[in-house]
Amino acid sequence: MPATYHTIPIRDLNEQALAQLSHDMKLSLSTEDMLVVQQIFRDIGREPTDVELEVIAQTWSEHCKHRIFAATVDHSVNGQTEQIQSMYKTFIQRPSKEIMARKPGFVLSCFVDNAGFIRLDDKYSVCLKAETHNHPSAIEPYAGANTGLGGVIRDILGAGKGAKPIANLDVFCFGAPDTPQELVEGHNIIHPLGIMRGVVHGVRDYGNRMGIPTTSGAIQFDPAYIYNPLVFCGTAGVIPQADIAKEMSPGLSVVVIGGRTGKDGLHGATFSSAAMGEASAAEDQQAVQIGNPIEEKKTLDVILEARERGLIEFVTDCGAGGFSSAAGEMLSETGGNIYLERAPLKEEGLQSWQIFLSESQERMVLAVKPENVPELQRLADTFQTEMTVLGESNDSGVLRVWHSGELVCELDNSKLHEAPTKHLVSVFTPSPAHVGLALDDSHLTDDLKEVIGDFAIVSREPIIREYDHEVQGNTVLKPLAGASADAPQDASVIDIDGSDKLMSLALAILPEWGKTDPYAMGVGTVDETVRQLIISGTNPDKIALLDNFCMGNPESPTELGRLVECAKGIRDAALAYGAPYVSGKDSFYNYFETERGPVNIPVTFLCSGVGVVDDVQHVCGAPLRHRGSALFLVGYTEDEIGGSVYARRHGIVDARVPQTDCAANFVTYKQYYEKALTKGLVLAAHDVSEGGLAVAAAEMAFSGKAGVQIDLDSLPSQHGWSNYVIPCFAESTGRFLVEVDEDMADMFAQAMSGRPCARIGGTTADDKLTFKAGGRVVLQAGIAELKHIWKHGLTPYY
Amino acid sequence: MPHALLLKYPGTNCDAETERALSVAGFSTQVQPIATATPAHVAQAQLIVFSGGFSYGDYVMSGRLAQLETERFLGDSLQKHHADGGFLFGICNGFQILTKLGILPKASLIWNRSERFECVWDRLVKVSRSCPFTQFLPDEFELPSAHAEGRLVCEPGDAQKYLDHGCVALQYADNHNGSELRIAGLQDPTGRAMGLMPHPERFLRPRHHYDPDWSGDSDWGWGYYFFKGAFEALK
């Protein structure tokens, strides 16, 4: 098949013509970028090929280069301006490096590979990566979510010399499933219910077929997500520490294993770096790839076996940018040749750039010694997948791409990594943050029934059941537990084959808080993640985090201002908890132009955490264990109803959002871990988060083993409150509810001395949730009735 | 030491934990991808195992392509193994494959009554008393299930016949998937071949139960006893 490429004259174009060219070729490059490209080729002294322009466009795309997180931002708060040189370096990388310096030997690799690795024990390491697949899921929910998960699984397969995927997590942000159709503006917009079903089925059909348990997840609902649903997929892996480091050298064969290359997934990276418009659906469908999990499963089998046999020198996934990014990653330093005519194709007639940039799924690129190619081929044959030697590395320092004997791309990669720095402006104006609001606390029981039936709180059971969370036979702390396996859990904990340590996973996402106080959202989200991990049995000194940001238009200063404030929060929280960010990802332009103006999603921050549980005896679940136990609340409850589910249901937008003292919290968490949890004093513990104490207590009682009685006047608080809505529904951070055997209650109180912790009640035989205050009952409901509301909140839509 | 051969197809995904369960019970084990499996592999094994997963994606009737590929690579050696006194065990997708291979009584496993994939723990009732796989299990116990196509259907009258002739190894107590006569597991009349939809390999140890207060057995999860039962019968 002959090469099909064009030379594109750009050296003599004016600015307008350059901009037009970027638009016509769908390069998503700004005029400033195009001027730099023009200069690169003026310096080289020739015109570029279309292949080269496509490679530059995808290399410089927001999706691949994270240029907004690397931008220089002039950030103003109340008229005070500061300049931030790269939010990534300032808020993510620098604090993480500081923490790593404090904890040598814990983080084994980060910022350089597909995922960050932490030390599990003397032999093994675990890693975690989470990504978004938002734009594809908006257009084609099933395939978009399908390939979103497929892609992050390949990230793990391409981490180190090939990590084994052992758990998946998924987090979705949708419009409410009961949104009236007339509120969905614009043509070609899929109703939130269709999005939800398609996305869930897409994740299900990929994750289940791959044989990876989906153990953690969350869903958020907000009208702003109608047009831009968010789909986060994450995968954790395990790998021997000796197989983390990988290095390219001259003289290796570059091999592709797995699926064939086709026209699906063209311009995916550049497409996801632009806003959605009504034209998106028709124009951009080819940007959505088609998934085939069995192809990926075969590829996984080959890679894990090849790694165990020591055949792999280097491996990476074919994600955004396809061969161009994989080959670029492998060959940009040593140099080498890629021969496009060798790539197995799904169909005839692909142009050179299409072969090089296609994002067709299920392909992994490996570098192996030439003498190992036959054994790798035998493995591919054994597992019935296709393998092709695509090229080789050499010591030229230049990656050359050939198509049927013609040189179609020859770029000096050192120039490509110098994308022009963006300059952005952001503004943040703090919102009112009232305390002492007059709230009606005369019908707390009805309030609880409303809050516990809110989509943000209700059980995800219909979705959880569609995902296999038990495959691999290692899920110790499962997403559903209790006497009838339908009560909620905080973190998940996974046994690791060959180790006596366990891996824990947790996540938090609080987009509602960021509407008033994005800094508090950042801090609170990290706090909730860390807290869930520790109370589930994780060693507080062995926690690493992932940051995933999504937002609307970063060129809007007020939108970007919220992101900056959130990023400051996550920096401060990470430093206080000594939990570094080992990987992350961001997604911008999640906004939609309607006839009445743009709809931006709220600034959304997903924090995922991975940790080490030192001993299976430390694992602790959330559901109540038996009657007659003592209940302790750890942490202060304050007048902070802002951002809560109660506030949203009551239209309160100006109340104070929970403020978090991470340094004090961490002292408390460590004391709890060292003196109570690991000493066997705890039966169950549940974080108090969305919905507040009333929801947390009810959720624990959904184990079906006991009722709960709590005295609201005994909650630890520094500043108190003026009505009982606060202790029931405020979502103050740093708190968790602990069930302790009556015989151990004094020891527990002793263990927690000096920290905010009080005995606030106990478990009962009456199967009711009862809150007392001022000596009288202020809230009482049957556990069965509450559970019915909670358990079936999503079932009508499923 | 009895030897177990686990056949792996593209899309098989419970092989690692099933091999672990076999090995914990005492078997020497070998996982063999089907493309390189030969009748000689079968001849060396006392137990042939088909683990869970989605062989060839299960995009056509579950287990059907695996059956055709098995016959292509192994001919009638499995039937011969069975006739010569060998054991066969199929879990989930493996059960589906065994029914297609004609080694278990004729039946099909179709979409669950709910028409969705369900990952849920099932309460099971032991029916047949002649099955070596279930010999150490109590009359009622729990196992995790996870499948979309687990609803067992037969030609009219067959299910009752299987029940009458001792070919029903296990029934569901709750019957989430809507199987005929609540059948969760079948065996051949000798008990040497057995298949079931739930996953014994996922409940090897007590800590893999969803409830930390589970007190059914102090040392092992119920799933262990399937592998132990086969081992004791073969050793």
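**Note on the predicted model: chain A and its three-stranded sheet**

1. In this predicted model, chain A contains 26 helices and 33 strands. Its radius of gyration is 27 Å, close to the 28 Å expected from the globule rule for 798 residues, so chain A is as compact as a globular protein of that length. Along the principal axes, the C-alpha atoms of chain A occupy a box of roughly 85 × 55 × 50 Å.

2. Burial and contact range may be taken together. Among the 798 residues of chain A, 61% count as buried. Of the contacts in chain A with a separation of 6 or more, 83% are between residues 24 or more positions apart.

3. One element deserves a description of its own: an open sheet of three strands in chain A, ordered β2-β1-β16, in which the pairing is mixed. Its edge strands are β2 (80-85) and β16 (423-428) of chain A, each of which pairs on one side only. From one strand to the next, the twist averages 20°.

4. Within this sheet, strand β1 (residues 72-77) of chain A runs parallel to β16(A), and six bridges join the two. D74(A) has V425(A) in β16(A) as its bridge partner.

5. A helix also packs against these strands: α20 (residues 557-577) of chain A lies across β1, β2 and β16 of chain A, and runs at about 80° to β16(A).

6. As to confidence, the model scores ipTM 0.96 and pTM 0.95. For chain B, the mean pLDDT is 95, with 100% of its residues at 70 or more.

Methods:
Residues numbered from 1 in each chain as written. Chains lettered and ligands numbered in written order. Predicted model: local features only at pLDDT ≥ 70, side-chain atom pairs only at ≥ 80, totals over all residues. Pairing = 2+ DSSP bridges. Helix = DSSP H or I, 4+ residues; strand = E, 2+ residues; numbered from the N terminus. Axes fitted to C-alpha atoms, helices over the stretch in contact; angles between N-to-C directions. Contact = placed C-beta atoms within 7 Å. pLDDT = per-residue confidence, 0-100. Rg over C-alpha atoms; globule rule 2.2 N^0.38 Å. Buried ≥ 20, exposed ≤ 12 C-beta atoms within 10 Å, placed from the backbone.
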